[in-house]
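User: Please take a close look at one buried charged group and the salt bridges around it. Then follow the chain from there into the part of the fold it belongs to, and explain how that part is put together.

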Amino acid sequence: MRFIARLIVPLSVGLLTTLAPVDLALAQEVPTADTMLGNLSGLQAPSDLEVPALRLQAADRVKSRSDALKRPLLVPQLNRLPHVNVDIQFNPDSPVIRPESYRTIARIADVLTTPALMSSVFLIVGRVESNGARRDNNLMLSQRRAESIRDALVTTYKVSAKRVFAVGLGEEQLVDANNPKAAVNQQSMIVTLREIEPVAGGGSVKPPDASHAKKSRKAGK
């Protein structure tokens with residue numbers, strides 16, 4: 001019942017706000033909760049990756065004119081951390097999440113709020129296939145899409161904003177580098193970064209990169 005209740009509101013909102021008709025052919029198979037939980041568990045050591053630095057790194061990279069087939073992954077460390085790739089559908093050239101993808105986001109929220117992961121901090125990574133658009137435009141679009149996923153998790157599904165960050169890497173972090181135009185390169189990535197650390201002296205807790213949250217929002221403007 002909890003899962004069904006979570007779906008009702010976003011689905012109705014999505015149907016009102018979507019700018020394109022729903023294509024049932026785009027409906028994707030959602031990874032099971034057990035699959036997501038298994039992929040996001042087992043962090044061996046905390047990552048020192050910081051969102052503002054990743055954004056600057058991506059912005060610098062898109063200035064180069066290298067061919068997509070010759071570009072290595074911008075942040076190879078991401079693939080070495082616990083992660084899961086998810087197929088979130090958006091309206092064309094837009095950060096608006098399509099209604100059928102709220103099922104995936106609801107399941108992500110359920111997994112991130114399980115007891116096993118409640119002390120973890122996550123990064124939502126937006127990606128875009130090499131589609132002929134300017135790389136800087138793709139980078140901006142991927143950032144907005146990553147933020148849309150984060151906003152849905154935080155606002156609709158009440159995942160703590162201190163536990164979820166967002167970064168867009170455009171076409172600089174392709175899933176299938178040998179086929180840069182493949183649709184699989186649009187998949188978003190959920191990455192387990194680190195554990196929340198207790199504040200000195202006890203009491204409330206905060207993620208190690210909480211001090212960068214405001215910088216992250218400014219960098220995304």
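Analyst: Glutamate 172 has a relative accessibility of 1% and therefore counts as buried, the cut-off being under 20%. The model is a predicted one. The side chain of glutamate 172 meets that of arginine 61 in a salt bridge, with N to O at 3.0 Å. Glutamate 172 sits in the loop between β3 and β4, while arginine 61 belongs to helix α3 (residues 51-61), so the pair ties together parts that are 111 residues apart in sequence. Arginine 61 also counts as buried because its relative accessibility is 16%. Both residues belong to a network of salt bridges that links Arg61, Arg71, Arg135, Glu171 and Glu172.

The salt bridges come to eight in the count. Two others show contrasting surroundings. In one, glutamate 100 and arginine 98 have their closest N and O atoms 3.5 Å apart, and both residues are buried. In the other, arginine 134 and aspartate 136 come to 2.5 Å between the closest N and O atoms. Here arginine 134 is exposed, at 55% relative accessible area, and aspartate 136 is partly exposed, at 31%.

Now the strands on either side of the loop. They belong to an open sheet of four strands, ordered β1-β4-β2-β3, with mixed pairing. β1 and β3 are the edge strands, each pairing on one side only. From one strand to the next, the twist averages 25 degrees.

β3 pairs with β2 in the parallel sense over five bridges, and glycine 126 stands opposite glycine 168 in β3. Between β2 and β3 the chain passes through α5, a right-handed β-α-β crossover. β4 runs antiparallel to β2, with six bridges joining them; serine 120 stands opposite glutamate 195 of β4. β4 (residues 188-195) also pairs with β1, in the antiparallel sense, over four bridges. One residue pair here is valine 86 with its bridge partner in β4, serine 188.

Two helices lie against these strands. α2 lies across β1, β2 and β4 and runs at about 140 degrees to β1. α5 packs on the sheet, where it touches β2, β3 and β4, and its direction makes about 165 degrees with that of β3.

β2 is covered on both faces: Ser120, Phe122, Ile124 and Gly126 are buried on one side, and Val121, Leu123 and Val125 on the other. Isoleucine 124 shows what one of these side chains meets. Beyond its neighbours within four places in sequence, isoleucine 124 is in contact with Ala146, Ile149, Leu153, Val164, Phe165, Ala166, Val167, Met189 and Ile190.

In soluble globular proteins, nonpolar side chains tend to be buried together. Here the largest nonpolar core has 27 residues, and the members that touch the most others are Leu40, Ile124, Leu153 and Ile190. Two or more residues each come from α2 (33-40), β1 (83-86), α4 (102-112), β2 (120-126), α5 (135-156) and β3 (164-168). The largest share, seven residues, is from α4. Another core, of 20 residues, lies apart from that one and includes Leu49, Val167, Leu169 and Val191.

Further along the chain, glutamate 197 lies in strand β5 (residues 197-198). Glutamate 197 is partly exposed, at 45% relative accessible area. Its C-alpha is 10.0 Å from that of valine 121, although the two residues are 76 apart in sequence.

Technical notes: Residues numbered from 1 in each chain as written. Predicted model: local features only at pLDDT ≥ 70, side-chain atom pairs only at ≥ 80, totals over all residues. Heavy atoms only, no water. Core = buried A, V, L, I, M, F, W, Y, C linked by side-chain atoms within 4.5 Å. Buried < 20%, exposed > 50% of the residue type's maximum accessible area, 1.4 Å probe, protein only. Contact = heavy atoms within 4.5 Å. Pairing = 2+ DSSP bridges. Axes fitted to C-alpha atoms, helices over the stretch in contact; angles between N-to-C directions. Right-handed = clockwise from strand over helix to strand, strands pointing away. Salt bridge = Lys/Arg side-chain N within 4 Å of Asp/Glu carboxyl O.
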